[in-house]
Amino acid sequence: MYAEPRCGFEGAKALEERVRPILDSLYPEWRAENPDSSYEASAAERSACTRLVSRLRTSDEIAGLLQGVDSAPQLAASAFHEIIWRAAAAQWEMDHRHDAVLAAAKAVNSLLQNKLGRRDVSEVKLVQEAFSEKEPTLGRPRLRFESIADDQTRASMREGAMSFGVGCFKAIRHPVGHRPDDEIEMSEQAALERLAALSLLARWIDDATVVSADS
């Protein structure tokens, strides 16, 4: 018969639930090396915790145990450009990731249309005209990165933003909008990467200045 622990059987069970995931992660073989006892509740967990604490006393051992743990920085979807997650969130919560990406792409198109005051073109054509190297004409304003002082860098940024924007609509928006749903369901990682790309495009649109023919 088990001897009741100081924290009581219920308290011991609660502690077991807390420490087992830690042991499984840092000491995977703990169950085999620490058998249960017929006389003491939570004997295996207590013994394993004692051993693990001993193993964690030196920095070299800690580094060894944590090898393979992903310490890379993470992107938070809620920190994307505000229009991206606002457009995508509802579909994402229903696990419709391709619809979330489609909604975000449409939101970027609307952002660009509103900034330029244009409804006659959209998506690829709109991006091409927005970042065109040509001077603005009546009804066709352009976007320029006027905060960049260097002429070459400013031109490179305009050209790059145009190519990137065209790529976003051709390779992200069009596939999810034109293919059957059963062909385009994507993983969470794939969807987040597409949302991140659209977020960057939206930020570049925000950073650019509208230059019109009468300005």
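**Entry 1: Glu-45**

I began with Glu-45 and found that this residue touches Glu-16, Val-19, Arg-20, Leu-23 and Trp-30, leaving out residues up to four places away in sequence. The model I am reading is a predicted one. I located Glu-45 in helix H3, which covers residues 43-55. Is Glu-45 buried or exposed? I noted a relative accessible area of 7% for Glu-45, and this residue counts as buried because the cut-off is under 20%. I then looked up its side chain, which makes a polar contact with the side chain of Arg-20 at 3.0 Å.

**Entry 2: Helix H5**

I turned to helix H5, residues 82-93, and checked its length against its residue count. At 1.5 Å a residue, the 12 residues of H5 should span 16 Å. I found the end C-alpha atoms 17 Å apart, which agrees with that expectation. Which residues of H5 are buried? I listed Ile-83, Ile-84, Ala-88, Ala-89 and Trp-92. I next asked what covers these buried residues, and the cover includes helix H6 (97-116) and helix H10 (188-207). After H5 comes Asp-95, for which I recorded a positive phi, near 65°.

**Entry 3: The nonpolar cores**

I looked up the largest nonpolar core, which has 40 residues. Which of its members touch the most other members? They are Ile-84, Val-108, Leu-112, Leu-195 and Leu-198. I noted that H5, H6, helix H7 (123-130), helix H8 (151-178) and H10 each supply at least two residues of this core. H6 gives the most, with 10 residues.

I followed Val-108 further, setting aside its neighbours within four places in sequence. Val-108 is in contact with Ile-83, Ile-84, Phe-169, Leu-198, Leu-201, Ala-202 and Ile-205. I also found a second, separate core of 7 residues, with Leu-23, Leu-26, Trp-30 and Ala-44 among them. Two names here were already in my first entry, since Leu-23 and Trp-30 are among the residues that Glu-45 touches.

**Entry 4: Gln-128**

I placed Gln-128 in helix H7. Its relative accessible area is 33%, and I entered this residue as partly exposed because the value falls between the cut-offs of 20% and 50%. Which residues does Gln-128 touch, not counting those up to four places away in sequence? I found Met-162 and Val-166. I also compared Gln-128 with Gly-165: they are 37 residues apart in sequence, and their C-alpha atoms are 8.3 Å apart in space.

**Entry 5: Aromatic pairs**

How many aromatic pairs does the count give? I recorded 3 aromatic pairs, and I describe two of them below.

Phe-131 and Phe-145 form a stacked pair, with 6.0 Å centre to centre and 10° between the planes. I noted that this pair links distant parts of the chain, 14 residues apart. Phe-131 is in the loop between H7 and strand S1 (142-144), whereas Phe-145 is in the loop between S1 and H8. I found both Phe-131 and Phe-145 to be buried.

Phe-164 and Trp-204 form an edge-to-face pair, with 5.2 Å centre to centre and 65° between the planes. This pair also links distant parts of the chain, as Phe-164 is in helix H8 and Trp-204 is in helix H10, 40 residues apart. Last, I looked up the accessibility of Phe-164: its relative accessible area is 28%, and this residue is partly exposed.

Technical notes: Residues numbered from 1 in each chain as written. Predicted model: local features only at pLDDT ≥ 70, side-chain atom pairs only at ≥ 80, totals over all residues. Heavy atoms only, no water. Helix = DSSP H or I, 4+ residues; strand = E, 2+ residues; numbered from the N terminus. Expected span 1.5 Å × (residues − 1). Buried < 20%, exposed > 50% of the residue type's maximum accessible area, 1.4 Å probe, protein only. Contact = heavy atoms within 4.5 Å. Core = buried A, V, L, I, M, F, W, Y, C linked by side-chain atoms within 4.5 Å. Polar contact = N/O pair within 3.5 Å; in protein donor to acceptor, adjacent residues only side chain to side chain. Phe/Tyr/Trp six-rings, centres within 6.5 Å; stacked < 30°, edge-to-face > 60°.
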